[in-house]
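Subject: Handover of the structure, with notes

Dear colleague,

Please find the structure below, followed by my notes on it. I have put the terms and their cut-offs beside the findings that use them.

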Amino acid sequence: MITTNNFAKEKILQLRKANLYRTLRRVSAIRKMDIRIDGRRAINFCSNDYLGLSQNPAVLKATRDHLCQISQCSSRLVSGNSPDIDGLEKRLAKHRRTECALAYPTGYMANLGALTVLADKTSIIYSDEFNHSSIIDGCRLSGATIRIFRHNNVNDLQRLIDTDKKLKLKSRKRIIITEGIFSMNGDIANLSEICQIAKAVNAITILDDAHGDFILGHSKEYAGTPDLFRVSRDIDVHVSSLSKALGCFGGYIAASYYVRELLINKSRQLIYTSAIPSYLCQAAIASISVAAKGFLQKKLCRNIEYFVEALRKLGFSTGSSSTPIIPIIVRDEKSSVNISNSLLKRGVFVQAIRYPTVKKGRAQLRVSLTAKHDRKDLDFALSCLETTARKYQLI
Ligand SMILES: Cc1ncc(COP(=O)(O)O)c(C=O)c1O
């Protein structure tokens, strides 16, 4: 007889055999990017806290000042809709230059919300092959026909659309969804071309800008990837997370008034869960004020240029990233874990990324830079990476 425990044990043994077993490590912050992980001191190169705002004194103060209730303990549609959420949404709409915004408890839920409300089984969703799991899950849950285009390849996107046109599927609603900065590769979407294609075929564009938001852009606001390409008005639905550059917690969608109304009425990820807590909204509002000064993005940019240049000189294969997410391609799952463990022993925390986050045989290390790393941190990481990579014949 198969018991639940035996079932689970067998699955775990399979994962171990395939070098895909994951564990939860005990990580506690010390100061800035110094952490203690499984009892060992290390510099953290795994966090998406790109601007270091999760420990910013002004953000922490705003959070403490508004901490009079842990949670509204209710859905926003029941009794959890605090004025703090409204305040945050107004600020986010201004930031993304949309009519409205809608806060979600997480970015994951925001993606699910956008896709399940805007797409149904009569729709076709064109999705980049490297899109995040929350997008993949949203696409599947929507029941739409899903077409995966090759990573950041607008010719392949066009080819898929043309094929569907020939199949006389043209009356169907089309949605194109991409990330802004891709979460594992760190490269930037060809957003101008994607928007042009979308316009030509009257498709809805959804952009998940979790990693580009408050990092990229020309405006003082750093309004993300569309701001960089000056196509903000061509994006129909902006999805983002508050737990990356803002260093907070939560997610949001920025879109038109009626899209927001529809989400409030139909998005199960908003209706059937408790509201994002008020103090987190105030934390995010305070973070946006600090981020809008622009100093931290400039410091981050200097760190990225220095680190990427040094890695390339050392002979690392880092893809085409010019963003805080820097992939170091390893391919083999076991080696990626061994290298990550070896780096940790030297005091550098860099996570190995394996299937299903990336394709099988495409394992990598994901270095995540922040404005809080100083030159000493970067030089230390570079020296440890060089020694470890030579040992594993990666360079
Ligand atoms: C591209 C992308 N979208 C969405 C999310 C989900 O955001 P959150 O952590 O707020 O749920 C992530 C998180 O890792 C992400 O990388």
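Throughout these notes a residue is called buried if 20 or more other C-beta atoms lie within 10 Å of its own, exposed if 12 or fewer do, and partly exposed in between, with C-beta atoms placed from the backbone. By that count S256 is partly exposed, because it has 13 C-beta neighbours inside 10 Å.

Please keep in mind that this is a predicted model, in which local features need pLDDT of at least 70 and side-chain atom pairs count only at pLDDT 80 or more, while totals for chains, interfaces and linings use all residues. Residues are numbered from 1 along each chain as its sequence is written.

To stay with S256 for a moment, this residue sits in the loop between β10 (251-255) and α9 (257-266), where helices (H or I, at least four residues) and strands (E, at least two) are DSSP runs numbered from the N terminus. Although S256 and T98 are 158 residues apart in sequence, their C-alpha atoms are 6.2 Å apart in space. Leaving aside residues up to four places away in sequence, S256 touches T98, E99 and C100, a contact being two residues whose C-beta atoms, placed from the backbone, lie within 7 Å.

Domains

The protein chain is divided into domain 1 (18-47 + 294-391) and domain 2 (57-291), with bounds that come from an automatic or database domain assignment. Taken over C-alpha atoms, the centres of the two domains are separated by 27 Å. Their contact takes 15 residues from domain 1 and twelve residues from domain 2. On the side of domain 1 that touches domain 2, the elements giving two or more residues are α12 (295-314) and β11 (325-331), and β11 gives the most, with three residues. The residues of that side divide into seven nonpolar, seven polar and one charged, where Ala, Val, Leu, Ile, Met, Phe, Trp, Tyr, Cys and Pro count as nonpolar, Asp, Glu, Lys and Arg as charged, and the others, Gly among them, as polar.

The nonpolar core and α11

In soluble globular proteins, nonpolar side chains tend to be buried together. Here the largest nonpolar core (a set of buried Ala, Val, Leu, Ile, Met, Phe, Trp, Tyr and Cys residues joined through C-beta atoms within 7 Å) has 115 residues, and those with the most contacts inside it are Y252, I253, A284 and A291. Helix α11 gives the most to this core, with ten residues, and the core draws at least three residues from each of domain 1 and domain 2. A284, again not counting residues up to four places away in sequence, touches L88, L242, L246, C248 and G250.

Helix α11 itself (residues 278-291) is mostly covered, with 13 of its 14 residues buried. The expected span of a helix is 1.5 Å times one less than its number of residues, so α11 should span 20 Å, and its end C-alpha atoms are indeed 20 Å apart.

The ligand shell and α4

Of the 14 residues around the ligand, T106, G107, Y108, S183 and S241 come nearest, a residue being near if its C-beta atom, placed from the backbone, lies within 6 Å of the molecule. By class, this shell has two nonpolar, ten polar and two charged residues. Its largest share, three residues, comes from helix α4 (residues 107-118). Twelve of the twelve residues of α4 are buried, so this helix is largely enclosed by the rest of the structure. Its expected span is 16 Å and its end C-alpha atoms are 17 Å apart, which agrees.

Backbone points to check

A cis peptide bond, with omega about 10°, joins Y355 and P356, and P356 lies in the loop between β13 (351-353) and β14 (363-368). D38 has a positive phi of about 45° although it is not a glycine; it is found in the loop between β2 (34-37) and β3 (40-44) and counts as exposed because it has 10 C-beta neighbours inside 10 Å. Y222 is a residue other than glycine with a positive phi, near 50°; it is found in the loop between β8 (204-208) and α8 (225-229), and with 23 C-beta neighbours inside 10 Å it counts as buried.

With best regards
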